[in-house]
Amino acid sequence: MSKLIFEKGACGRNGISLPEMDVPFQGVGGLIPKNLLRKELPLPELSEPEVVRHYTNLSKLNFSVDGNFYPLGSCTMKYNPKINEELAALPGFTQLHPYQGEESVQGALELMYNLEKNLSEIVGMERMTLQPAAGAHGELTGILMLRAFFKDKGESRKKIIIPDASHGTNPASAVLGGFEIVEVATDNSGGIDIEALKKVMNEEAACLMLTNPSTLGLFEENILEVSSIVHKAGGLLYGDGANLNALLGKARFGDMGFDLVHLNLHKTFAAPHGGGGPGGGPLGVKKQLIPYLPVPLVDRQGGRFFLNYDLPGSIGRMRSFYGNFLVMLKAYVYILSLGEEGLRKAAENAVLNANYLRAKLKDYYELPYKKICLHEVIFSGSRQKAKGVRTLDIAKRLIDFGMHPPTIYFPLNVPEALMIEPTETETKETLDYFIEIMKRIAGEAEENPQLLHQAPHNAPVGRLDEAKAAREIDVAWQASG
Amino acid sequence: MDYSGNTPLQQKKMLAEIGLRSLDELFQSIPEGVKLKSSLNLPKQLSEIELVRELKDLADKNKSTSDYSLFLGGGYYDHFVPSALKYLIGRPEFYTAYTPYQAEASQGILQAIYEYQTFITLLTGMEVSNASLYDGATALAEAAFMAVRINKRNTILAAQTLHPEYLAVLKTYLAGLDLTLRVIPHNEGKVDLKELKNYLNKDVSAVILPQPNFFGIFEEGEKTASLARKNGSLCIASVDPISLGIISPPGKWGADIVVGEGQALGSGLNFGGPGLGFIACRMEFMRKIPGRLAGKTRDERGKTGYVLTLQTREQHIRREKATSNICSNHALSALAAAIYLSLLGKNGLRKTAELCLGKAHYLSEKIAEIPGYELKFQKPFFKEFVISSPHPVSKINRKLLENKIIGGLDLERFYPVFKNCMLLAVTEKRTKEEIDKLVKVLKSL
């Protein structure tokens, strides 16, 4: 690996040019009490070219959507359009302070107002908060809102029902909102087990958190029945919209009976993931939940846009200011670039690509759910496991061919899971190359398992020892160490 | 433009391989009753040329710091963002990658996060930093949860001098777990330590102290931390990272957990987001810290590499027993912070802090010389201060805006008792000329 930034540089080097003090200044000591002063500031000293080379070289060690096929299931690694980045860099957007008077940020507020309208229309909700910074943050917002909703109704519902195939954030968010988790199983067809749901959906359950399409890449075919069971028991239906990409212009959460749903702007709406964020996790709600939305909302009076704090039933604030504005902007530009027709085509090609992989690889890898899938296809590495090759080995071998591995070992109810989401922005040629390599790896698993156990062979590093990392914790460089 | 590359002919071939005849058949699992039959009410699709025009029109409706001198702060500041930083975080190898689940294909971002974590520990004087959180407010709420996990007590004491929006977020978050939030009143712009003593009891999990506080004033960090410790409570500090160029780090004065808004470290203003939440703690609390951590390890050949570690704390393994629900964080903003601190280094950060300190004091002195104006609190401050004026803040700000200046924050918005009080912030970007102009406009009122 390359040296750390802290092992580079030399005393007296400088990577920034700052103006001289142009006002009378009596020195730090004259303005700050001595006991508050810092004695040592142990930061490195580097030149600008050194810093640029260091981080440029680090960037080269990364796989990325621009450079590689990146079929991480449930993450929707579609292409991030360059026009979005260019427009998000306009000074009229980046150089705005959140506390400027509303009259001086009308363009920004108009953009947020329009985005809320568009997203609400796409998923069939009445209103939406753009405040959540990520999907899990949207989940927590929704959980706190439905808690307030039931409190107002005088109902004490302490449980939230979550399918076993759900994203791990669902139960984690529900617990942070003060709920207990009741898990329901997935049936043999990949849907929620209806009979199991009926048993647990009672007056103690506040809601069912359902991902649709599910993390198995399947549409919840009994959705109307599910919705009816939940609502008849007085509960609410929460939608995890992480997989919305499959449904754009095809079906809407609101029409399926969902009462609230969060989206991921950094998945479906092409905002980049940034190596782990920042993202955007807006939450849309039906009418009865509007009073509980976080403040502020962007509203309009005549031709003027304003931040509305006048929501007496609001759960309050979920973060400072208004959300990840630049992420919203990229999502807005994306919606305008595609229009309704483009969004529908995106869903169609995403689903077509996933099913093409399913059809071409099903003879080589175990397919637990043998039916048409939506945005992603789940295989199991169980056949290869019988030969002593684990899904982890298959994943690492893909790196040798310049392709990012799919999501692995998730969902938890599929053993040795390989969750592949190609997205619509990959061409048939790329998919064909991936298919060829996956077939080759299936062959290697039979003939030369050792080759897979030792993969990757030509990455910047060989297989890393995660157990050692957890055992001998080293999460920050130390001058002595 | 939909960015997909499959031609109609290719689609046909692919459908044939799948055994279907039309794209519609791909969606046969969606029940007829919920299939979208009508068209959506969305704006019409735009070409790139039209898009640029549309968005520039929106941008032009805003008044940005390209044309206006900004003296607003209140948790978000107009600090300098070096060109080299913008160029580096614009590299698609960084911004178009996902969370580094596959370490061997993500060494760039993993090493950068490890470096970011190190920078935060060096800056705060703590031993462990996570890989980032959303913003300063949510980082504070996470720190409160963390304290409760550590000592199993149920009350959080927060200074009234905290950012009002941070207090609001704390209130929202703590309500979820039925935890109690009590606010310690201030006395003349600073936490009243006598009051703090009255609030301390065996239910208090942590005391939250901003340093400097929302009014820009320095609090009694050491005394507060010591009172908390004697009560068996933790001390959480919420800090301005730029101030740490010259101010003693919380690790030195006894804080147990440190959080803050890292927007100042190279993220820019962005109308309030994205910024960066940072959180750091002492080593003994490492396993309680929320979110991701990058750790150092070796590969099979003994070569150094980096991975996400201690993932057993996280929700994809622990589900409902996870330390938090954080999945996506603000990795790219964390990268920006690492690059920012690399470029500024020891001398650049110190000088930036000094420039803020010097210029803010120059402005405060000049305003105090104007008849009718005075510094609201006569206490040491960093780059922000409160003035009381003979005019309503809205009137002042209107006049300033006419003169291409964006004035300070009207404090009455958050504290109804502070009538005609304005919170002004001055960063290294403001010049003497801009400051003098602001003073001139005030004199003219």
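**Exercise 1.** In this predicted model, which residue in strand 9 of chain B is the bridge partner of Ile236(B)?

*Solution.* Start with the residue pair: in strand 9 of chain B, Ile257(B) is the bridge partner of Ile236(B). Next, place the strands. Strand 8 of chain B covers residues 234-239, and strand 9 of chain B covers residues 257-261. Then read the sense: these two strands pair parallel, over four bridges.

**Exercise 2.** Place strands 8 and 9 of chain B in their sheet, and find which strands form its edges.

*Solution.* Write down the strand order in chain B: 2-10-9-8-7-3-4. Seven strands take part, the sheet is open, and the pairing is mixed. Now look for strands that pair on one side only. These are strand 2 (128-129) and strand 4 (180-184) of chain B, the edge strands.

**Exercise 3.** Describe the hairpin of strands 8 and 9 of chain A.

*Solution.* Take the strands first. Strand 8 of chain A spans residues 297-301, and strand 9 of chain A spans residues 304-308. They run antiparallel and are joined by five bridges. One of the pairs is Val298(A) with Leu307(A). Then take the turn: two residues lie between the strands, and Gly302(A) has a positive phi near 60 degrees.

**Exercise 4.** How many residues of chain B are in contact with chain A, and which helix of chain B gives the most to that side?

*Solution.* Count contacts, using C-beta atoms within 7 Å. The result is 171 residues of chain B against 171 of chain A. On the chain B side, helix 12 (residues 331-368) gives the most, with 24 residues. Finally, sort that side by residue class: 76 nonpolar, 60 polar and 35 charged.

Methods: Residues numbered from 1 in each chain as written. Chains lettered and ligands numbered in written order. Predicted model: local features only at pLDDT ≥ 70, side-chain atom pairs only at ≥ 80, totals over all residues. Pairing = 2+ DSSP bridges. Contact = placed C-beta atoms within 7 Å. Nonpolar A, V, L, I, M, F, W, Y, C, P; charged D, E, K, R; others polar.
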